[in-house]
Amino acid sequence: MISLVLVLPIIFCILMFFAKNKTLNNILITFYSIIHLFLGGSYFINPAILSNSEYFSLNSTNIIFYLVLSIVFFLVSIYNNSYTKNLEFDNKKMMHYSTMLLVFVLSMTGGILSNNLGLAWIFIEATTLASAYLIYFNKTKHSIEAAWKYVFICSIGIALAFVGIILLTIAEGSLNSLNYSDLISLAPNFNHFWLNVSFVFILFGMGTKMGLAPVHFWLPDAHAQSPSPISALLSATLLNCAFLVIFNVYKVMISANCIAYAKILLLVMGFLSLFVTSVFLYHTSNYKRMLAYSSIENVGILAICLALGGVAYVGMFLHLIGHSLIKAAYFLTSGNILELYQTKKIKSIKALGVVDKKTAWLWIFSFLGICAFPPSILFISEFLAIKAMIIQKHYFLCVLFLFLLTIILFAMAKVVFTMVFDNSQSKRVEDAKTNVKKLGCSMYYPQILLLVMAFVLGIYIPKFLDVAIIAAVIG
Amino acid sequence: MVNGLIILFGLTMLYLSTTSRLIAHTKVLFVQGILLFLICVSGFSHASLAAIIFLTIETLLVKAILIPGFLAKVLKKTKTNRDTDANIAHFWCLLISSLILFGGLMFSMVHIPSLSMINPICFGVALSTIIISLWLITIKRKIISNVVEFITMENGIFLLSLSVAKQMPMLVNIGVLLDVFIAIYILGLFVSQINKELGDLDVAHLSDLKDCENND
C-alpha cells in the first residue's frame, strides 16, 4: 500500500506527459489525492494492510504529518480544478505544472514516510527541485527572482544538513546506520561533542527549508510568487516535512541525553522567527507576503514548543495540525482575492466585503483562526505553550512570547480589516465585481472545510486523533 | 600521496578566490573533479566493484567533465567573462582564504586525532573548502560565480564524506550525485533565464522583491 502511494504519481506523470490534457491532469491529481488520503485513513482502521518496508513506514511519529499532508493535498487538489480552468496556458505548460505538482507531493510523501535520515534528506532535496519550477510557473521577472533565491538558499541549506549527517556518522562511532530507530536506540553511546555539532548543521540546514529565522530569506519571496495552490502546499505541508526531520534528530538528542544545547538553539531560532515576523509584518505591502511571514511565525512556535517539551509537545502537534489547515485555507483564499483584483498590493484591495462576501468571510475566519481566536485549535496549542513556559518558570520568555504575538495580531488585523471593510470605490473594485463569476464553487468549499476542521478541533478532538497525538508524543 | 592531492585540492580554493575570470572558475572545477577522482582511487578505494564504478562516474564524469562543461556552455551562451565587482580586493581574498585553510587544518589537527576513523588533513581541507565557498558566495557579484562556489562547496562536502573512513551508505551517495546533477542543471537553466530576462548576470538585479516596496 505504501509502495502504491510512491509509485502511482510516477505512472500518472507518464500518462500526463503523453495525454497532455488539462481535464485528465486534474482527474489524475484528484484521484491520487484520494488514494493518498485513503492510506492515511487505513492506518487507523487496519495498520496491517500498510505493509511497511525497510525504508518507508507509517508509524506513530509520522502519521500526523502524513495525515495533514493528505487532507491539505486533497482539498488543494479540489481547489486546483477550478483554479487551473482560469489559467490561459497551453496544454504543454499545464502538463508541466501538473506533473511537477505530483512530483512535489511525491517527494514530500517520501520525506515523511522515510525511516532513514539519509533517505529523508534526499526527498527533502527533491522537494526543492520539484517546487522550484512551480514557483517559477508564471515566468515573470519576480517569479524568476523568487525561484532563484529559493533554489540557491535551500540547496545550500540542504547541503549543510548533509554535512550534519556526515558529522552524525562520526558521532555514531562504530555504528553505520542512519535508520531513525537505530539512531534513537544507540544514541546513549554516541560522542556528545560531534552529536551537538551535527545537530547545529542539521537544524540550520533543515531550518532553512522550514523557514526558521535567521535562515528564512527565501520564504516570503517564494510563497508570494508561486500560484496560490502551490503557496498553500509550500506553507501547510513542505515546512512540516523539514520539521519532521528536525523532530526525529531531536529525539536522538533526547535519547543521548544531550538536549541542553539543542534546546537553547531551538528557543533562539523560535523567538527570532517571532521577532522577524513582528517587525516585517508592519512593512509588508503584499498580502501573500504577509501570510508567508505568518508561516515563519508559526514554525517559530513549533520550534519553541519542541524546545519546551512536556505539555508543549501536545501543543506542538496541535499547532502543526492547526497551522497547516488554517494556512492552507488562508493561501487559497488569497488566490481568490488575486483572481478578483489581479494584484497582490494590500493598498489596492478595498471593499472585499462588497465585492465577494464569501471570500471576505473566509479571509476574516482564516485570520481569526491563525491568530488563535477561540475556538481555533491554535488557541489550545498556544495556551499549552504558555502553560509549559509558566510550569518551567520561563516567565520572561512567556511575556516576550505574548508581546510578540500581540504585535503580529495587530499588524495582521490592520491589513485584513482594511481589505474587507474599507468600502472606498475605485476602478479596480468595479473590475473585481465583474471577476466574481470566475470563481467556481470549488474555490470556496475547500477553505470552508479546512476552517471548519480547524475550529471544530478546537472544541472536540476525535478519539483516534487524540490517541495518535499521545502516541507521537510518547513514541 | 593522498595527503599531497588533498593539499592540492585546498590550494585550488586559494586560486578560485583570487581569480575573476569565470572560465578559470570552470577550470578549477575540472581540476577539483580530477583531484577527487585521484583521491578516491589512490587512498579511499572501496572494495566493491559497484562502489568503484559509482565513484568514478561521480567524480570523473560528473564533477570533472559534465558540470564544468555545462557551465562553460552557459558562459559562452550568456557571453559572461569576468566577475570584477567583488566587494573585496584579490589580495584580501587570498589572505582570508589562506587563513581559513590554515584554521581548518589547525582545528582538525587539534580535535581529530582522538578519532581514529578520520583523516585529519582531509577533514581540515574539506571544512575549509566549505567555509571558503560560503564566504565567496557572499562577496561575488555574478550569479554564475555563485553557482561555481556552490559546486566547490558540494566538492568540499564530498571530500568530508571521504574523510570519514567508514563508507556512507550507497543510497546516500546516489542521492547526493542525483541532487548535485539536477541542482546544477536547474541552476544552469535559471542562469540562462535570468540572463534572458534581465540582460545581465549581476546579483544586484535580483533584489526587486522587498517588503517596503510595492511589487506586482
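**Close-up 1. Helix α9 of chain A, wrapped up by its surroundings.** In this predicted model, helix α9 (residues 218-225) of chain A has eight of its eight residues buried, so the rest of the structure largely encloses it. The buried set runs from Trp218(A), Leu219(A), Pro220(A) and Asp221(A) to Ala222(A), His223(A), Ala224(A) and Gln225(A). What does the covering? Helices α5 (117-135), α6, α10 (228-255) and α12 (287-308) of chain A are among the elements that cover these α9(A) residues.

**Close-up 2. The largest nonpolar core, seen around Ala328(A).** This core counts 236 residues, and Val72(A), Ile246(A) and Ala328(A) have the most contacts inside it. Helix α6 (residues 141-172) of chain A is the top contributor to the core, chipping in 22 residues. Zoom in on Ala328(A): setting aside its neighbours within four places in sequence, Ala328(A) touches Val72(A), Leu75(A), Val76(A), Ala232(A), Ala236(A) and Leu450(A).

**Close-up 3. A second core, with residues from chain B.** Separate from the largest core, this one has six residues, including Leu16(B), Ile100(B), Leu101(B) and Leu136(B).

**Close-up 4. Helices α3 and α4 of chain A, packed together.** Helix α3 (residues 63-85) and helix α4 (residues 91-113) of chain A pack at about 170 degrees, with their axes 11 Å apart. Angles over 145 degrees count as roughly antiparallel, so that is what α3(A) is to α4(A). On the α3(A) side, Phe65(A), Tyr66(A), Leu69(A), Phe73(A) and Thr84(A) meet Met94(A), Val105(A), Met108(A), Thr109(A), Ile112(A) and Leu113(A) of α4(A). Sorted by class, this contact has nine nonpolar residues, two polar ones and no charged ones.

Notes. Residues are numbered from 1 along each chain as its sequence is written. Chains are lettered from A and ligands numbered from 1 in the order in which they are written. This is a predicted model: local features need pLDDT of at least 70, side-chain atom pairs count only at pLDDT 80 or more; totals for chains, interfaces and linings use all residues. A nonpolar core is a set of buried Ala, Val, Leu, Ile, Met, Phe, Trp, Tyr and Cys residues joined through C-beta atoms within 7 Å. A residue is buried if 20 or more other C-beta atoms lie within 10 Å of its own, exposed if 12 or fewer, and partly exposed in between; C-beta atoms are placed from the backbone. Helices (H or I, at least four residues) and strands (E, at least two) are DSSP runs, numbered from the N terminus. Two residues are in contact if their C-beta atoms, placed from the backbone, lie within 7 Å. Axes are lines fitted to C-alpha atoms, for helices over the stretch in contact, and angles run from 0 to 180 degrees between N-to-C directions. Angles under 35 degrees count as roughly parallel, over 145 as roughly antiparallel, 65 to 115 as roughly perpendicular and the rest as oblique. Ala, Val, Leu, Ile, Met, Phe, Trp, Tyr, Cys and Pro count as nonpolar, Asp, Glu, Lys and Arg as charged, and the others, Gly among them, as polar.
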